Structures are given as C-alpha cells and as structure tokens.
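Got a minute to poke around a fold together? Pull up the viewer and let's go through it as a chat.

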Amino acid sequence: MKSAVTLHNVTVAYRQHPALHHISGCFEQGSLTAIIGPNGAGKSTLLKSLLGLVRIDSGHVDISVTRKRIAYLPQQAEIDRGFPISVMDCVLLGYWQSAGLFGGISKAMAEKAEAALHAVGLDGFAERSIGTLSAGQFQRVLFARILLQDAQLILLDEPFNAVDAKTTDDLLAVVQSWHVQKRTVIAVLHDNEQVQRYFPQAVLLARSLVAWSDTATVLTAENLRLAKNMPEAQDPNAPFCHTDHVDTDHTHSEVKG
C-alpha cells in the first residue's frame with residue numbers, strides 16, 4: 001500500500017517541553033485509523049502538526065495529496081457558532097476549495113448539498129440557523145460539509161464527543177462509507193470499545209509513540225498500562241526537549257501533489 005501521510009521523527013514542543021516526542025510512522029492510503037491515548041498525550045497536536053497548524057520543532061511530515069483534497073474537522077469547542085448562517089450555507093462552504101469564497105453554486109451543486117444533508121439525517125434543516133442546533137445536529141452539519149469537499153484525506157478531532165448515541169451511530173456509518181471509498185481517515189477518539197469495533201488501525205500516544213499497528217495489536221493491556229502511566233499534566237521540572245534543526249526546510253508539514 002502507498003503512504004498517504006508519513007511522519008519522520010516528528011517532535012512538537014511547547015515551551016521546550018515535548019507535546020509529541022520523536023514520532024515516526026505511516027498512514028496508508030485508504031486506511032481508517034484511530035488516534036488514542038490519555039489526556040495530554042498529544043493526539044490533537046498530532047492532527048494539527050499534519051496540517052501545519054502547530055510548529056514542528058524537528059522532523060517533518062510528507063503528505064501525498066494536495067491541500068485541496070484534505071478535510072479537517074476540529075473539536076466543536078474550537079468552532080464559533082455565533083455567526084448568523086443557515087445550515088445550507090454552512091454545508092455549501094464545503095465547496096470553498098473548489099469554487100472559491102465567492103464562486104457561484106450551480107443547480108447540481110445545490111442538489112448535492114441537499115443529498116449530503118439527507119445522508120446525515122438532516123432533511124428539512126436547510127434554512128435553520130446553526131445557532132439553534134444541538135451539538136449532535138451541528139456535528140451532522142459539519143459531516144455534510146465534508147461530504148461536499150470530496151477529500152482524499154479526512155482528519156477528525158474527537159468527532160463523537162458530546163453527541164448522542166444515535167448521532168454517533170449515524171456518523172460512524174458515514175465514516176465507514178469513506179473507508180469503503182478508499183479515502184484515508186484519521187480520527188482522534190477516546191472510546192476504546194468504539195475503536196475496536198470500527199477502526200482497523202490505531203495509534204496509541206503518550207507524547208511518545210506507544211504502539212502503531214492494527215487495532216488488536218495496539219489495544220493490549222500492557223500498551224494501555226504504559227500509556228496510562230504517563231503523567232496527564234506536563235511536568236514543569238522535566239528536562240527541556242533539545243531538538244536538532246539541521247534541515248530547516250523540513251521542520252514543517254509538506255503537502256505534495
């Protein structure tokens with residue numbers, strides 16, 4: 001299998017203390033992978049490092065698809081829902097990469113957006129303001145927006161956090177459909193049982209890499225014990241992380257296409 005994303009000895013540090021420490025590994029094209037680990041393990045930091053949203057102090061990332069073919073869903077807490085926009089207009093933002101901010105929306109594009117709302121169970125919600133939606137309904141909107149992006153690499157940060165069980169089941173079905181379509185999906189998750197049932201591959205982090213393989217191999221009692229023993233808070237007395245900037249042209253993510 002070809003690589004969709006490869007991390008080469010990636011270290012990300014905050015105030016010289018590592019949030020990610022020398023992480024290397026490969027997400028294969030078409031793979032469905034969960035990133036798991038205790039609080040403070042660097043899971044969200046890993047996703048952001050792939051997108052260049054945090055500075056990589058050493059090492060580098062190679063991504064085999066163009067930026068336009070990447071979709072990213074941050075945690076809901078990072079999204080401002082105060083902007084007065086309808087559900088349909090929010091979903092149509094999925095065309096931003098292909099049509100531009102002020103690009104026209106054709107009849108075919110509008111029909112595809114309606115189909116995306118239907119796919120996530122939001123028939124009849126097109127004119128609703130996003131500010132009136134529950135957390136689960138809003139997450140469905142964000143998944144519908146990703147459906148319009150036609151992304152080859154999909155990054156999800158805690159996509160099922162604070163949403164109801166029915167929404168989780170429905171959105172997991174969408175994730176499974178992406179996997180069938182051979183899209184590469186990487187999701188930060190907390191529910192190990194959910195990971196075991198739906199995600200064939202897993203990465204277990206504890207700032208350093210504990211395990212990266214098929215899920216059954218990763219989620220062993222010993223690996224989980226090792227990860228759990230990591231302190232949840234950064235130790236202010238820990239030694240500084242010394243990083244080597246020999247190749248300064250490769251300290252940030254590289255998106256190739």
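Below is a run of questions and answers about this model.

Q: What kind of model is this, and what pLDDT do local features need?
A: Residues are numbered from 1 along each chain as its sequence is written, and side-chain values use heavy atoms, with hydrogens and water left out. This is a predicted model in which totals for chains, interfaces and linings use all residues, side-chain atom pairs count only at pLDDT 80 or more, and local features need pLDDT of at least 70.

Q: How many helices and strands are in the protein?
A: Helices (H or I, at least four residues) and strands (E, at least two) are DSSP runs, numbered from the N terminus. On that basis the protein has 9 helices and 10 strands.

Q: What share of the protein's residues count as buried?
A: Buried means under 20% relative accessible area, exposed means over 50%, and partly exposed sits in between (1.4 Å probe, protein chains only). Of the 257 residues, the buried share is 47%.

Q: In what order do the strands of the open sheet of 6 strands run?
A: Two strands pair if DSSP finds at least two bridges between them. The pairing in this sheet is mixed, and the edge strands, each pairing on one side only, are β5 (70-73) and β9 (208-214). The twist averages 15° from one strand to the next. The order is β5-β6-β7-β3-β8-β9.

Q: Which residue of β7 stands opposite Ile35?
A: β3 and β7 (residues 184-188) pair in the parallel sense over 4 bridges. β3 and β8 (residues 201-206) also pair in the parallel sense over 4 bridges, with Thr33 opposite Gln201. Opposite Ile35, in β7, stands Val188.

Q: Why is β3 largely enclosed by the rest of the structure?
A: In a regular strand, side chains alternate between the two faces of the sheet. Here both faces are covered, with Leu32, Ala34 and Ile36 buried on one side and Thr33 and Ile35 buried on the other. β3 (residues 32-36) is largely enclosed because its buried residues number 5 of the 5.

Q: Is Ser31 buried or exposed?
A: Ser31 is in the loop between β2 (17-28) and β3. Leaving aside neighbours within four places in sequence, Ser31 is in contact (heavy atoms within 4.5 Å) with His179, Arg183, Thr184 and Val185. Ser31 and His179 are 148 residues apart in sequence, yet 6.9 Å apart in space, C-alpha to C-alpha. Since its relative accessibility is 10%, Ser31 counts as buried.

Q: At about what angle does α1 run to β6?
A: Angles run from 0 to 180 degrees between N-to-C directions, and axes are lines fitted to C-alpha atoms, for helices over the stretch in contact. Helix α1 (residues 43-51) is mostly covered, with 8 of its 9 residues buried, and Gly52, whose phi is positive, near 80°, follows α1. α1 lies across β3, β5, β6, β7 and β8, and its angle to β6 is about 145°.

Q: Which residue of β6 is the bridge partner of Ile70?
A: β5 and β6 (residues 153-157) pair in the parallel sense over 4 bridges. α5 packs on the sheet there, touching β5 and β6, with its direction at about 175° to that of β5. The partner of Ile70 is Leu153.

Q: How are α5 and α6 oriented relative to each other?
A: The axes of α5 (residues 135-149) and α6 (residues 165-180) come within 10 Å and cross at roughly 10°. Angles under 35 degrees count as roughly parallel, over 145 as roughly antiparallel, 65 to 115 as roughly perpendicular and the rest as oblique. So α5 and α6 are roughly parallel.

Q: Which residues of α6 make the contact with α5?
A: The α5 side of the contact is Gly136, Gln139, Arg140, Phe143, Ile146 and Leu147. The α6 side is Lys166, Thr167, Asp170, Leu171, Val174, Val175 and Trp178.

Q: What is the relative accessibility of Leu148?
A: Leu148 lies in α5. Not counting residues up to four places away in sequence, Leu148 touches Val91, Leu92, Gly94, Tyr95, Lys112, Ala113 and Ala116. Leu148 counts as buried, with a relative accessibility of 4%.
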